[in-house]
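Trainee: Please take a single part of this model and examine it closely. I should like the residues concerned set out one by one, together with their surroundings.

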Amino acid sequence: MWRGLWTLAAQAARGPRRLCTRRSSGAPAPGSGATIFALSSGQGRCGIAVIRTSGPSSGHALRILSAARDLPPARHASLRLLSDPRSGEPLDRALVLWFPGPRSFTGEDCVEFHVHGGPAVVSGVLQALGSVPGLRPAEAGEFTRRAFANGKLNLTEVEGLADLIHAETEAQRRQALRQLDGELGHLCCGWAETLTKALAHVEAYIDFGEDDNLEEGVLEQADIEVRALEVALGAHLRDARRGQRLRSGAHVVVTGPPNAGKSSLVNLLSECRKPVSIVSPEPGTTRDVLETSVDLAGFPVLLSDTAGLREGVGPVEQEGVRRARERLEQADLILAMLDASDLASPSSCNFLATVVAQSPSDSSQRLLLVLNKSDLLSPKGPGPRRDLPPHLLLSCLTGEGLDGLLEALRKELAAVCGDPSTGSPLLTRARHQHHLQGCLDALGHYKQSKDLALAAEALRVARGHLTQLTGGGGTEEILDIIFRDFCVGK
Ligand SMILES: Nc1nc2c(ncn2[C@@H]2O[C@H](COP(=O)(O)OP(=O)(O)OP(=O)(O)O)[C@@H](O)[C@H]2O)c(=O)[nH]1
Ligand SMILES: [K+]
Ligand SMILES: [Mg+2]
C-alpha cells in the first residue's frame, strides 16, 4: 500500500541493496534485533498520521528526532518538535508516545509519532527514521509478528486482528473482535487441558497400573473426558462452514422464471452502487451470472443474478440457464422469485414444482420465496394463490415490502453465517477446521487402541492439533501465510 514511502525510507535506511535482501515469503524471522518503523495509519492526506517503531533502538530514535536528552514519561502523550537529524531541519510539531517494553503492543520498546498527516510530513519523518542507525522499514505484518513472537497474541488472536483490519461489515467486525479477544483460543486451551489430564491418567495407569495406591477408575475417567470432548468438537465442526462464510461472504443466488424481476431486485439490493444488471421487459435479458459483493443487513454477501429458468429457447439462453442452475447448486441461500401477477403461467408453475418444492434438498441450503410486482395485484383481488409455501410480498417498483425482505434476509444470513454476537466462537478459517478434525480423528484412534501406549500417543497427537491451532509449535509456513494478510505498519 505504502510502497512509495516504503521505498523512499528503505533507500534512506540502507541504499537500494537492502531491497534485494527482502524475503519474499513474508516478514523476516522475529527477534532479529533490528528496530523497525512504518506508517501505521491509512495512506493519503489526513489530519493525523501515526508512525511507529518497535525494537531496541526506539528510544534512541525518539531522542535523536526530538533532539532531547531525556525520553518523555512512559505512556503519556508529549508534544515535541521533530527535526531531521542529518540537516537539523524542523519536520513537524508532533505528539509522541514512549512505550518501554515489555508493556507495549509488540512487547519491545515502541514509539508512536502522531504527526500531521500531509504526505510531505509523513515521508520526511519516515526518511529521518531511516537515517538513524539500527532502524529499517517494517515488512508487512512485522509488528504483529513480533507481538506473536513475544507472546502478546496467540495465533487465533493474530487472525482475529487481521480480520478486524479487513472487516467490511458489522457482522465481520463483531466476529473478528471476538476472535481477537481470544475466545477461540481460550476454548482450544481448555480442550487441550482436558486432554492433558486424560493423558496424565492414561500414563499413570501405564506406570502404576499394578499399584494398589492408584485411584480406582482412572482409565474410565479418561474415557469419559475424551467422549465429552468428541461431542464438543463434533458440534463445532458441524458449524465450521458458517464462520468461513462470515469471513469470506455467503453465496446468495437470485433465481426464478424470466421477467420475475430478479435483476431489478439485485440492483435494489446493491443500492447506491451503479446498477449491476440490465433490466428490461424482454424475457431472457440476463444470460451470464452477474456477481456483486454487498453488505446485506450487516452480513457480507456475494449476490448472484442469474438467467430466468425456462426450456425450449435458443442456444445462448440455454447456456445461461445451464450456468444459472450450476450457480444455484453452490448457493448458501436461494432467493426464489416469482411474478405475483403471473403465478398461473406455465413457467411459474414449473418453477414452483421444481426449484421451490424440491429445495432445500440438503439441509445446509436455505430458500426464501419472494413474490414480486405486488403493485400489480388489485387491492381488492383474491391475493396470491393459497397453496403457496411461506413467502414474502415485494414490489421492486415501489419498494414496498423491502424492509420485510431485509429483515428475513438478516435472519437467514444469521443462520447461514452464524450470528457473531451470540453462541460459541466460530471457526473462521479452513486451518481451524483442519486441526479440529485432526484432533477428532486422533480421539477416534484413542478409542480403538487396544494398546495403552498407542492410546497415549493418540492423545498426544490430538493435543498437538489444538496447540497448533493457537500457534504453539506452529511452522514457519503457516506463520508466513497468516502474516501475509497484514499491511505494512500492522
Ligand atoms: N410493475 C412492476 N414491474 C416490475 C417490478 N420489478 C420489475 N419489474 C419490471 O419487470 C420487467 C422485468 O424485470 P427484470 O428485472 O429484467 O426481470 P428478470 O427476472 O431479471 O428478467 P430476465 O433476466 O429476463 O429473466 C422489467 O420491465 C421491470 O421494470 C415490480 O415490482 N413491479
Ligand atoms: K427481463
Ligand atoms: Mg434479469
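Mentor: Arg-136 counts as buried because its relative accessibility is 4%; buried means under 20% relative accessible area, exposed over 50%, and partly exposed in between, with a 1.4 Å probe and protein chains only. The model is predicted, so local features need pLDDT of at least 70 and side-chain atom pairs count only at pLDDT 80 or more, while totals for chains, interfaces and linings use all residues, and side-chain values use heavy atoms, with hydrogens and water left out. Residues are numbered from 1 along each chain as its sequence is written, chains are lettered from A, and ligands are numbered from 1 in the order in which they are written.

Arg-136 belongs to strand β6, residues 135–137. Helices here are DSSP runs of H or I with at least four residues, strands are runs of E with at least two, and both are numbered from the N terminus. The side chain of Arg-136 makes a polar contact of 2.6 Å with that of Glu-142. A polar contact is a pair of N or O atoms within 3.5 Å; within protein, one must be able to donate a hydrogen and the other to accept it, and residues adjacent in sequence count only if both atoms are side-chain atoms.

The part that I propose to examine closely is the ligand site. Ligand 1 is surrounded by 23 residues, of which Lys-262, Ser-263, Ser-264, Thr-285 and Asp-375 come nearest; a residue is included if one of its heavy atoms lies within 4 Å. By class, these surroundings comprise 8 nonpolar, 11 polar and 4 charged residues. Ala, Val, Leu, Ile, Met, Phe, Trp, Tyr, Cys and Pro count as nonpolar, Asp, Glu, Lys and Arg as charged, and the others, Gly among them, as polar. Helix α11, which spans residues 262–269, gives the most to this shell, namely 3 residues.

Which atoms approach the oxygen and nitrogen atoms of ligand 1? From Lys-262, a polar side-chain atom lies 2.7 Å from an oxygen atom of the ligand. From Ala-260, a backbone N or O atom lies 3.2 Å from an oxygen atom of ligand 1. The side chain of Asp-375 places an N or O atom 2.8 Å from a nitrogen atom of ligand 1. On its own, ligand 1 has 650 Å² of accessible area, and the protein covers 88% of that area. Such areas come from the Shrake-Rupley method with a 1.4 Å probe, and for residues only the protein chains shown count as cover.

Ser-263 also serves the magnesium ion (ligand 3), which is coordinated by Ser-263 (OG) and Thr-286 (OG1) at 2.0 Å. Donors are N, O and S atoms within 2.8 Å of the metal, or 3.2 Å for Na, K and Ca; water is not among the atoms, so sites may look incomplete. The two donors come from distant parts of the chain, 23 residues apart: Ser-263 is in helix α11, and Thr-286 is in the loop between α11 and β8 (290–296). Both Ser-263 and Thr-286 are buried.

The potassium ion (ligand 2) lies 4.9 Å from the magnesium ion (ligand 3). The potassium ion is coordinated by Asn-259 (OD1), Ser-280 (O), Glu-282 (O) and Thr-285 (OG1), at 2.5 to 2.8 Å. Its donor residues follow the spacing N-x20-S-x1-E-x2-T in sequence. Asn-259 lies in the loop between β7 (250–255) and α11, and Ser-280 in the loop between α11 and β8, so the pair ties together parts that are 21 residues apart in sequence. Asn-259 counts as partly exposed because its relative accessibility is 28%. Ser-280 is also partly exposed, because its relative accessible area is 26%.

Another loop residue may be set beside this loop. Val-313 lies in the loop between β9 (299–305) and α12 (315–330). The C-alpha atoms of Val-313 and Gly-284 are 9.1 Å apart, although the two residues are 29 places apart in sequence. With a relative accessible area of 23%, Val-313 is therefore partly exposed.

Ala-297 is found in the loop between β8 and β9. Ala-297 has a positive phi of about 50° and is not a glycine. Most residues other than glycine have a negative phi. Ala-297 is partly exposed because its relative accessible area is 34%.
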